[in-house]
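Work through the exercises below with the model open. Try each task before you read its solution.

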2 protein chains.
Amino acid sequence: MDEDLNRTVSAFRMLVTTLNRAKTHERLTEAAGVRLDRPDVQILVYLLDSGEPRRIGLIATGLQVESPHVTRHVATLEQRGLVERVRDPDDGRAWRIALTEEGAEVASRCRKVTTDWFQGAIAEWSEADRAELSRLMGKLSDDLSSHLKDVITLR
Amino acid sequence: MDEDLNRTVSAFRMLVTTLNRAKTHERLTEAAGVRLDRPDVQILVYLLDSGEPRRIGLIATGLQVESPHVTRHVATLEQRGLVERVRDPDDGRAWRIALTEEGAEVASRCRKVTTDWFQGAIAEWSEADRAELSRLMGKLSDDLSSHLKDVITLR
DNA sequence: TATTGTTATACTCTATAACTATA
DNA sequence: TATAGTTATAGAGTATAACAATA
């Protein structure tokens with residue numbers, strides 16, 4: 001039981017490690033045919049997943065970083081024509097960050113590289129196992145995030 | 001199918017993000033009652049998981065970082081009495097890094113905080129789901145690492 | 001001479017603090 | 001004056017390059 005848990009967590013730890021290495025990112029951008037640093041890609045994919053323009057603050061919250069970090073990277077993405085600022089209809093002082101057409105395309109390519117990695121890794125799995133993985137992963141993500149939020153907030 | 005995959009990956013992405021934030025680490029060390037930076041903890045837990053002393057190079061490979069990084073952090077861990085160097089019996093020029101008694105204790109506390117987080121998150125899950133998670137997670141970790149290794153090597 | 005590890009250095013990522021601007 | 005965002009700065013984390021030491 002406890003052994004099971006230890007194995008689960010250490011498997012997880014290894015995956016997290018791998019996915020955070022510079023080499024992995026390098027490989028991703030190479031495969032996607034773009035030259036962007038990690039935070040840039042994270043922001044693009046976040047916007048793509050969102051499906052609509054988002055404010056700086058919301059992007060920061062979503063990616064769990066501080067806003068100056070987002071400000072800086074959005075500025076470079078804007079210069080490269082991958083995102084643009086549009087007025088927030090609800091709040092005149094605020095802007096929303098929108099993917100440009102090219103930005104959306106780049107974001108899809110980056111996202112696809114990652115999903116392809118997963119797909120390649122589980123290609124040999126049974127249909128049932130793949131479905132189970134999807135289900136449990138979603139559940140784990142929800143439960144772990146909300147659990148951590150509680151743990152971190154309750155101080 | 002493709003939708004499933006996208007959800008799996010984006011759930012994953014979120015978890016990776018959360019687990020890599022400074023605040024999460026801060027929370028971990030606070031709960032474990034230690035004052036160590038992230039690489040220090042990674043090295044300690046790696047050694048604990050290994051169950052035996054390891055050489056610098058192997059630690060670097062395992063954590064997927066370059067050896068100078070390990071050298072530096074091992075030096076501080078050594079100063080703090082959490083690890084010690086022992087001669088490699090197989091190769092006189094090499095040393096192995098061993099956990100001291102205190103180091104092993106600190107490492108266990110850190111590892112336990114993480115596993116407790118997981119445990120708390122999945123506490124309400126059915127026995128069957130927990131077992132499935134463990135099984136699929138191990139499988140995914142193996143398959144994804146080896147798949148990535150292939151992808152990254154084949155260049 | 002090949003391998004392992006170390007020292008020195010620099011770059012990337014991210015946080016904190018102080019400031020600006022608009023509702 | 002409260003909120004959203006920006007500018008400025010600093011610190012953590014990690015990589016690369018050059019070197020040292022031992023089989």
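The exercises cover the protein surface around each DNA strand.

This is a predicted model, in which local features need pLDDT of at least 70, side-chain atom pairs count only at pLDDT 80 or more, and totals for chains, interfaces and linings use all residues. Residues are numbered from 1 along each chain as its sequence is written, chains are lettered from A and ligands numbered from 1 in the order in which they are written, and side-chain values use heavy atoms, without hydrogens and water.

**Exercise 1.** Find which residues are closest to DNA strand D.

*Solution.* Start with the residues near the strand (a heavy atom within 4 Å of it). There are 20 around DNA strand D. The closest are A:R21, A:G57, A:T71, A:R85 and B:H69. Next, sort by class. Five are nonpolar, five polar and 10 charged (Ala, Val, Leu, Ile, Met, Phe, Trp, Tyr, Cys and Pro are nonpolar; Asp, Glu, Lys and Arg charged; the others, Gly among them, polar).

**Exercise 2.** Trace the phosphate contacts of DNA strand D.

*Solution.* Take the side chains. An N or O atom of A:T71 is 2.6 Å from a phosphate oxygen. For A:R85, a polar side-chain atom lies 2.9 Å from one. Then take the backbone. An N or O atom of A:I56 sits 3.5 Å from a phosphate oxygen.

**Exercise 3.** Which residues come nearest to DNA strand C?

*Solution.* Of 21 residues around this strand, A:H69, B:R21, B:G57, B:T71 and B:R85 come nearest. Now check the phosphates. A polar backbone atom of B:G57 is 3.0 Å from a phosphate oxygen of DNA strand C. For A:E66, the backbone distance is 3.1 Å.

Notes:
Polar contact = N/O pair within 3.5 Å; in protein donor to acceptor, adjacent residues only side chain to side chain.
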